[in-house]
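Biologist: Before I use any labels from this structure, I would like to hear the reasoning behind each of them. Please set every value against its cut-off.

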Amino acid sequence: MSAPSAVRVRRALLHLVLAVVAALYISPLVYMVTTSFKTREGAGSTTPQWIPSPATTGAYREILDSADSPIMTWFANSLIAATGHAVLVLATAAPAAYALARLSFRGRSTIFTVVVATLFVPPVVLLVPNFLIVNELAWVDSLPAVIVPAAAGAFGVFFLRQFFLTLPAELEEAAELDGCNRWQIFTTIALPLAKPALVTLFLLSFLTNWNDFLWPIYVLLSPDALTLPAGLGNFQSANTIRYDLLMAGAVIASVPVILLYLVAQRWVIEGISRSGLKG
Amino acid sequence: MSLLTRPGGVEEVAFAASSGTSARRMNRWTPYAFLAPYLVLFAVFMVLPIGFGFWTSLHEWDITLPSKPFVGLGNYADLFDPSSVDGSRFWTAMRATGIFTVASVPLLIGLPLLVALLMNGRFGGRNVYRAVYFAPYVLGVAVVGFVWRYLLDGNIGLVNHYLGLDVQWTTDLPAAWVALVGVTVWWTLGLNAVIFLAGLQDIPRELYEAAMVDGAGPLARFRSVTLPGLRPVSVFVVNATILASANMFGQSYLLTSGAPADQTKTAIYLIAETGLRQFDMGTASSMSFVLAGFLMCASALVFAAFRDRGRR
């Protein structure tokens with residue numbers, strides 16, 4: 001190191017730049033939270049109020065009490081839908097991915113090719129026909145419509161198959177010699193080893209479903225059937241001027257994903273950056 | 001490891017004896033049983049809709065009407081006739097999609113790459129910065145749309161206040177495009193940044209050391225080591241970003257509602273409104289296939305461009 005002080009100055013500058021940008025970056029979310037604790041007048045003030053004065057939980061009480069926006073029902077719907085969807089993705093994609101990675105059978109490469117090929121089909125072509133199919137199944141305006149169809153996506157199978165291929169085969173061979181059948185090998189050996197991939201896929205599926213907007217706003221209609229993003233979408237058109245209420249609603253919709261993100265940040269980021277999922 | 005799991009001679013004999021029975025031979029239907037639950041979903045909600053959607057596009061198909069007359073390629077002909085109502089709407093929407101894609105993609109590639117380069121080093125707090133830049137992406141577009149609608153409010157918004165402007169970000173052009181692109185950059189910058197960062201960390205250190213030994217300066221190292229090293233990741237990022245921008249929906253729906261005069265109503269927004277609100281599903285399906293055609297051409301161009309550069 002010929003000039004340690006120059007290195008130190010450069011490092012300090014880097015920190016300064018990154019910290020300033022990070023502060024700017026997070027400020028809209030800070031403002032969202034502070035506004036949710038403002039009065040109606042405070043939220044509509046023309047001079048920015050970073051600290052609410054007076055601070056109040058009035059906005060939360062008002063939206064929780066409002067009969068036209070059953071926000072806790074939306075919250076429960078979102079929780080059921082996102083959990084149900086993530087469980088369905090794991091339950092169907094994991095055995096399929098295992099079969100495609102480990103079992104040999106006629107048609108394996110054809111099935112895999114067809115499944116992977118659909119990764120290149122623009123999802124927009126599925127929009128109208130899936131609405132018609134969901135309508136045939138009498139799922140419009142009910143949670144199965146937002147839980148099931150998206151689980152047909154090839155991503156989960158593709159992602160888990162890649163992971164199963166990286167696992168050493170010796171343990172499974174040993175279990176086979178011990179007389180385990182394929183299902184036992186899958187559940188007692190392969191699945192526990194794949195836990196990191198399963199957790200990542202669960203988190204990504206949960207987040208994607210929780211945040212999904214386009215499909216739920218068209219396929220869910222009655223106020224009690226909506227998920228949070230869909231409900232808030234309606235809520236916005238009715239309350240354009242009540243930013244205190246909008247921000248309280250936005251905070252309620254953000255809390256679960258932010259908590260999940262704080263707890264599992266590493267898995268979410270590693271999973272997305274390594275697998276290259278695009279939302 | 002292999003010693004433990006490879007059976008010795010005695011067991012091998014025992015194994016050979018039992019191999020004719022259940023232990024070794026898998027029931028030939030077992031793999032299909034593993035696949036069945038997924039394949040049912042795949043057939044009903046992926047394969048069927050692709051065909052069914054095309055079939056729908058050949059009809060005048062209204063979900064609320066019993067008769068769905070076959071019109072052949074009539075819906076497509078309407079779309080390619082700019083003087084028809086559907087045609088003019090569709091190309092206005094395609095234009096909006098094109099403007100947004102062209103305006104957003106360079107920023108959604110360049111800025112995340114810059115952030116990834118800044119974060120690509122060993123220093124304290126790097127993971128904290130990474131977590132902060134990524135944070136908006138875990139929020140849904142509904143939350144993002146709300147927050148920015150407030151911040152961009154023409155009368156009381158912080159953006160106008162701090163910039164000393166008096167711009168109607170959600171109803172005027174070109175301000176609405178600036179707002180839609182800016183919000184999208186804020187929302188998704190972290191996604192491409194973490195992917196680029198992962199790509200940067202996969203470039204072997206020795207390559208940089210070798211370049212330094214050869215006397216390459218920082219700029220030369222960037223051009224001869226970093227950029228080529230990022231090529232595999234870049235193909236993916238560029239393609240996925242173009243597709244994401246060309247499918248932009250929520251920002252427009254929540255911030256501008258397509259205003260002014262449907263100038264910011266994107267193609268997917270028009271398709272959703274036409275098919276799922278007005279129930280003109282034949283027209284909407286034909287629109288979705290034309291849009292899909294454009295998207296697949298765009299992807300093909302991206303892959304071709306990166307392949308050519310690889311050969312050179």
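Modeller: Start with the largest nonpolar core of this predicted model. The core has 159 residues, and Ala97(A), Leu160(A) and Ile271(B) touch the most other members. Helix α4 (residues 71-102) of chain A gives the most to this core, with 16 residues.

Biologist: What makes a set of residues a nonpolar core here?

Modeller: Members must be buried residues of the listed nonpolar kinds, joined through C-beta atoms within 7 Å. Ile271(B) is one of the three members that touch the most others. Setting aside neighbours within four places in sequence, Ile271(B) has contacts with Val124(A) and Leu127(A) in chain A, and with Ala284(B), Met287(B), Ser288(B) and Leu291(B) in chain B.

Biologist: Why is Ile268(B) called buried or exposed?

Modeller: A residue needs 20 or more other C-beta atoms within 10 Å to be buried. Ile268(B) has 24, so it is called buried. Ile268(B) sits in helix α14 (residues 267-276) of chain B. Beyond its neighbours within four places in sequence, Ile268(B) is in contact with Val124(A), Asn247(B) and Phe249(B). Val124(A) also appears among the contacts of Ile271(B).

Biologist: How far from Ile268(B) is Ile99(B), counted by C-alpha atoms?

Modeller: The C-alpha atoms are separated by 14 Å, with the two positions 169 residues apart along the chain.

Biologist: Why is Asn135(A) put in its exposure class?

Modeller: Buried starts at 20 neighbours and exposed ends at 12. Asn135(A) has 14 other C-beta atoms within 10 Å, so it falls in between and is called partly exposed. Asn135(A) belongs to helix α6 (residues 124-136) of chain A. Not counting residues up to four places away in sequence, Asn135(A) touches Val140(A) and Ile63(B). The C-alpha atoms of Asn135(A) and Val219(A) are 8.9 Å apart, although 84 residues separate them along the chain.

Biologist: How do you know that chain A is more spread out than a compact globule?

Modeller: Chain A has 14 helices and zero strands. Its radius of gyration is 24 Å, well over the 19 Å that the globule rule gives for 279 residues, so chain A is more spread out than a compact globule. Along the principal axes, the C-alpha trace of chain A spans about 75 × 70 × 35 Å. Of the residues of chain A, 43% count as buried. Among contacts in chain A with a separation of 6 or more, 74% are between residues 24 or more positions apart.

Biologist: How many residues of chain A are in contact with chain B, and what are they by class?

Modeller: In chain A, 78 residues are in contact with 73 residues of chain B. Helix α14 (residues 243-275) of chain A gives the most to that side, with 14 residues. By class, the side of chain A that touches chain B has 55 nonpolar, 16 polar and seven charged residues.

Biologist: Where are the cis peptide bonds?

Modeller: The bond from Ser53(A) to Pro54(A) is cis, with omega near -5 degrees. Pro54(A) is in the loop between α2 (40-43) and α3 (58-65) of chain A. A cis bond also joins Ala259(B) and Pro260(B), where omega is about -5 degrees. Pro260(B) lies in the loop between α13 (250-256) and α14 of chain B.

Biologist: What is the sign of phi at Asp141(A) and at Ala261(B)?

Modeller: Asp141(A) has a positive phi of about 70 degrees although it is not a glycine. Ala261(B), also not a glycine, has a positive phi of about 50 degrees. Asp141(A) lies in the loop between α6 and α7 (144-147) of chain A, and Ala261(B) lies in the loop between α13 and α14 of chain B.

Biologist: What makes Ala261(B) exposed, and Asp141(A) partly exposed?

Modeller: The limit for exposed is 12 or fewer neighbours. Ala261(B) has 10 C-beta neighbours inside 10 Å, so it counts as exposed. Asp141(A) has 15, which lies between the two cut-offs, so it counts as partly exposed.

Biologist: Which elements of chain A have the lowest and the highest mean pLDDT?

Modeller: Helix α13 (residues 228-238) of chain A has the lowest, at 79, and α7(A) the highest, at 97. Chain A averages a pLDDT of 90, and 95% of the residues score at least 70. Where pLDDT is low, the predicted coordinates should not be read in detail.

Key. Residues are numbered from 1 along each chain as its sequence is written. Chains are lettered from A and ligands numbered from 1 in the order in which they are written. This is a predicted model: local features need pLDDT of at least 70, side-chain atom pairs count only at pLDDT 80 or more; totals for chains, interfaces and linings use all residues. Helices (H or I, at least four residues) and strands (E, at least two) are DSSP runs, numbered from the N terminus. The radius of gyration is taken over C-alpha atoms; the globule rule is 2.2 Å times the number of residues to the power 0.38. Two residues are in contact if their C-beta atoms, placed from the backbone, lie within 7 Å. Ala, Val, Leu, Ile, Met, Phe, Trp, Tyr, Cys and Pro count as nonpolar, Asp, Glu, Lys and Arg as charged, and the others, Gly among them, as polar. pLDDT is the predictor's confidence in each residue, from 0 to 100.
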